[in-house]
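Welcome! Take a moment to look over the sequence and the fold, and then we will walk through some helices and loops together.

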Amino acid sequence: KKQKPNRHLRLKPIKGYAKYERLLAKSLKDAGLKIGTEKEFFLNVLALADRAPGSYSSKVNIQLDPAMRSDQAAKVVLRFLLNVMRINEAIFEKDLDTEVLHDFRVAIRRTRSALAQIKNVFPARTTARFKKDFADVGKRSNALRDLDVYLLNQESYKKRLPAVLRDDIDPLFTHLRNKRTKAFQHVLRGLKSGKYEKIMKDWEAFLNKPPPDSASAANAELPVIELARSRIYKKFRGIVKNGNKILATTEDELLHALRIECKKLRYLMEFFANLFPRKKINALIAQLKSLQDNLGDFNDLCVQQEYLLNIATELPDDRQQLQKALVAIGSLVEALNHEKHMVRDDFARTFTDFAAPANQALFKELFATRDK
């Protein structure tokens, strides 16, 4: 039977107190505690997760033949993503790292995007069924991922506050940690449920089923290189068109919509990356990532402001402590709002770089079909 992770204590002295850190370390050692290195700690955690260094990566790395049927290629992509889900699902219960849930959720998002964006390669009913199934699976972990993000950003949030308010916001994070315990159990129950087991069993059976000799879906037998070019170029042109509209308006909703379209384009380019010259497509993905970062930061700041205002109503009713916490939360919301406007102002530069003539020419060279 595998042991649970040992508890670890890390000592980090503040400036001028290195001597006392050494004395405390000696006292702890004399009391029987084992002193280890960061490398030993890292290898111990990997062993508990049944992993060896370098044995896992959630980065998309898929090899496709340009002449492969599109339905077969789509299944290669989806089997890769299923493997990422299964690896993280197996160690989720140990709660070793918040990235386990993150990688699991990203694999689900990519799966849903592949089903929606690699169009008309599977029967419509099958596609609709699994899109809904994975949407339901993803939604179950939304609250837990949100709580993980807020707790991981605790120190970052505090640094945005005046020093006098930093301790006053602690009740907020105590409340979030309590909510996380319940949210974690909610996700764990979902992963152990019969409904989830059936979804994954049916999904694996579908992915392992040989393609039909004569497929009903319009693009099923199309060479994947043709479908990849068509889908990527169409999505890119739509993003450029919508981005130019945003430059002339101030509607935040359009930015949110553009963020989602950029994510879809990024997934398509990563799925099919090996079909195109590596250096060129990597350069385009890097440019797209810069735009995504800007749009993602803007969305995160909008969501965080709204969440903090709503969560404030849930804090325990300790009158003196609550008043101080509310003042600190209000100050944090104002800081986030100021940052949001700065990010919003930076959109024009980021988008203009992405939609520059050189980038448009490279997208056209790689993805535009000859008849266009």
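How close do the axes of α3 and α4 come, and at what angle do they cross? Keep in mind that this is a predicted model. The two axes come within 9 Å, and the crossing angle is roughly 155°. Because angles over 145 degrees count as roughly antiparallel, α3 is roughly antiparallel to α4. The crossing of α3 past α4 is left-handed.

Now look at who touches whom. On the α3 side, the contact is made by L78, L81, V84, M85, N88, E89 and I91. On the α4 side, the partners are V100, D103, F104, A107, I108, R110, T111, A114 and L115. Sorted by type, the residues of this contact are 11 nonpolar, two polar and three charged.

A second pair of helices is α6 with α8, the latter covering residues 170-191. Their axes come within 9 Å and cross at roughly 145°, and α6 passes α8 in a left-handed crossing. From α6, the residues in contact are L144, L147, D148, Y150 and L151. From α8 come F173, L176, R177, K179, R180, A183, F184 and V187. This contact holds nine nonpolar and four charged residues, with no polar ones.

Next comes helix α5, which runs over residues 124-140. Does its length fit its residue count, and what is the reasoning behind the check? At 1.5 Å a residue, its 17 residues should span 24 Å, and the end C-alpha atoms are 25 Å apart, so the two values agree. Which residues of α5 are buried? They are T127, F130, D133, F134, A135, V137 and G138. Their cover includes α3 (70-91), α4 (98-117), α6 (142-152) and α9 (194-208).Finally, let us visit two loops. Most residues other than glycine have a negative phi, and most peptide bonds are trans. D95 and N120 each have a positive phi without being glycine.

| Residue | Phi | Place | Relative accessibility |
|---|---|---|---|
| D95 | near 50° | loop between α3 and α4 | 34% |
| N120 | about 55° | loop between α4 and α5 | 47% |

Are these residues buried, exposed or partly exposed? Partly exposed covers the range between 20% and 50% relative accessible area. D95, at 34%, therefore counts as partly exposed. N120, at 47%, counts as partly exposed too.

Methods
Residues numbered from 1 in each chain as written. Predicted model: local features only at pLDDT ≥ 70, side-chain atom pairs only at ≥ 80, totals over all residues. Heavy atoms only, no water. Helix = DSSP H or I, 4+ residues; strand = E, 2+ residues; numbered from the N terminus. Expected span 1.5 Å × (residues − 1). Buried < 20%, exposed > 50% of the residue type's maximum accessible area, 1.4 Å probe, protein only. Contact = heavy atoms within 4.5 Å. Axes fitted to C-alpha atoms, helices over the stretch in contact; angles between N-to-C directions. Left-handed = near helix turned anticlockwise from the far one by under 90°. Nonpolar A, V, L, I, M, F, W, Y, C, P; charged D, E, K, R; others polar. Parallel < 35°, antiparallel > 145°, perpendicular 65-115°, else oblique.
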